[in-house]
Amino acid sequence: MNIFTIFWLLLKMFYQLLCSSFSLLTFIFNVFWLTCNLASAGIPWVLVCLLIVCVASKFVKLKSPDDKQFLRLLTIAGQGLYPEDLSFWPIAHRGVKKKERSRCITRGYRNVLLDAGLTSCGEIVIINRLTLEKASLSGSIALHTLESLKKVNIAELHPMGKHFDPEYVYTLKELLDFLEEQRLTVFLLISDNSSLMLQSLKKLIKGNPLFIQRIVLITKSPIAIYQVSISVVFVSKEEFNLHIAELWRNVGVRPIVYNVNSPNEKRYFQKTMKTQYLTDSLRSEPHLLMKA
């Protein structure tokens with residue numbers, strides 16, 4: 001490539017840059033002109049600004065996680081657990097006890113939803129509100145220390161607890177140790193969206209590469225979504241349809257429906273909607289009933 005060719009390419013790039021800059025300036029001028037006209041017509045400035053924000057939000061959004069990487073997380077790469085396998089679809093709801101996790105694993109299911117909260121001493125623990133209520137512990141997780149929660153035998157709270165070995169509250173670090181030994185994907189729902197919780201999560205994620213390989217983080221807080229990468233949304237089965245699914249997928253978010261427990265509903269979401277679902281019972285999976 002000679003010097004004249006290089007010069008011509010540089011000149012062409014400079015011309016394209018000027019054209020793009022001119023187009024941008026023209027767009028800004030037109031928006032400003034439209035805003036002034038709307039304001040002069042008696043439309044409040046607040047409404048005008050809201051309109052501009054709505055239009056800008058159509059073009060500016062957070063970078064979505066790589067879809068292929070996320071699919072590898074859901075499918076547990078190397079385990080052959082893909083949408084063609086029926087065990088890909090269900091997500092076991094709150095399989096916090098070792099007995100329940102073992103049952104999921106032995107039956108070939110690899111997706112579990114767990115609840116996480118922050119204790120008063122700053123430790124992230126795997127426990128949900130219902131467990132606290134059954135243990136006669138009032139208030140939120142943030143009102144209790146890790147030491148007090150560790151005294152609770154979770155197995156005793158189960159209707160058939162006498163048949164289970166003693167089980168105690170896991171910390172998130174202990175859960176990560178467990179995931180090193182088991183091929184399991186955890187959907188982790190955080191109930192505490194405080195700045196301290198998010199800082200603790202960021203620190204733990206940074207120091208544990210296994211976290212982003214095996215855990216899908218879930219939160220109801222829009223603010224938390226902007227601080228920690230979220231790529232899944234849970235939608236009620238009554239409100240879910242193909243249009244809703246397409247809207248979420250177009251912005252890089254994977255929808256999951258809840259709670260789906262009957263065999264017919266599960267078959268519908270597997271075959272028609274092609275959507276994963278949250279379930280309270282793995283015994284009602286359609287392919288298991290057919291085998292029986």
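**Exercise 1.** State in which loop lysine 274 is placed, and describe its phi.

*Solution.* Step 1: lysine 274 is placed in the loop between helix H12 (263–271) and strand S9 (277–279). Helices (H or I, at least four residues) and strands (E, at least two) are DSSP runs, numbered from the N terminus. Step 2: the phi of lysine 274 is positive, about 55°, although this residue is not a glycine.

Residues are numbered from 1 along each chain as its sequence is written. The model is predicted: local features need pLDDT of at least 70, side-chain atom pairs count only at pLDDT 80 or more, and totals for chains, interfaces and linings use all residues, while side-chain values use heavy atoms, with hydrogens and water left out.

**Exercise 2.** Find which element of the protein chain has the lowest mean pLDDT and which has the highest.

*Solution.* Step 1: pLDDT is the predictor's confidence in each residue, from 0 to 100. Step 2: for the protein chain the mean is 76, and 72% of residues reach 70 or more. Step 3: among the elements, helix H4 (residues 98–106) has the lowest mean, 48, and strand S3 (residues 124–126) has the highest, 92. Step 4: where pLDDT is low, the predicted coordinates should not be read in detail.

**Exercise 3.** Give the number of helices and strands in the protein chain, and the share of its residues that are buried.

*Solution.* Step 1: the chain has 13 helices and nine strands. Step 2: buried means under 20% relative accessible area, exposed over 50%, and partly exposed in between (1.4 Å probe, protein chains only). Step 3: of the 292 residues, 37% count as buried.

**Exercise 4.** Work through the salt bridges, stating for each partner whether it is buried or exposed, or partly exposed.

*Solution.* Step 1: a salt bridge is a side-chain nitrogen of Lys or Arg within 4 Å of a carboxyl oxygen of Asp or Glu. By this rule there are three.

Step 2: lysine 150 and glutamate 174 form a salt bridge at 3.0 Å, N to O. The pair links distant parts of the chain, with lysine 150 in helix H6 (residues 146–150) and glutamate 174 in helix H7 (residues 172–181), 24 residues apart. Lysine 150 is partly exposed at 28% relative accessibility, and glutamate 174 is partly exposed at 32%.

Step 3: lysine 237 and glutamate 265 form a salt bridge at 3.1 Å, N to O. Lysine 237 is in the loop between strand S7 (232–236) and H11, and glutamate 265 is in helix H12, 28 residues apart. Lysine 237 has a relative accessible area of 22% and is partly exposed; glutamate 265, at 28%, is also partly exposed.

Step 4: lysine 266 and glutamate 285 form a salt bridge at 2.7 Å, N to O. Lysine 266 lies in helix H12 and glutamate 285 in the loop between S9 and helix H13 (286–291), so the pair ties together parts 19 residues apart in sequence. Lysine 266 is buried at 0% relative accessibility, and glutamate 285 is buried with a relative accessible area of 0%.

**Exercise 5.** Describe what is found at the start of helix H11 and just after H11.

*Solution.* Step 1: at the start of H11 (residues 242–250), a side-chain oxygen of asparagine 241 comes within 3.0 Å of the backbone nitrogen of histidine 243. Step 2: just after H11, glycine 252 has a positive phi of about 80°.

Methods
A polar contact is a pair of N or O atoms within 3.5 Å; within protein, one must be able to donate a hydrogen and the other to accept it, and residues adjacent in sequence count only if both atoms are side-chain atoms.
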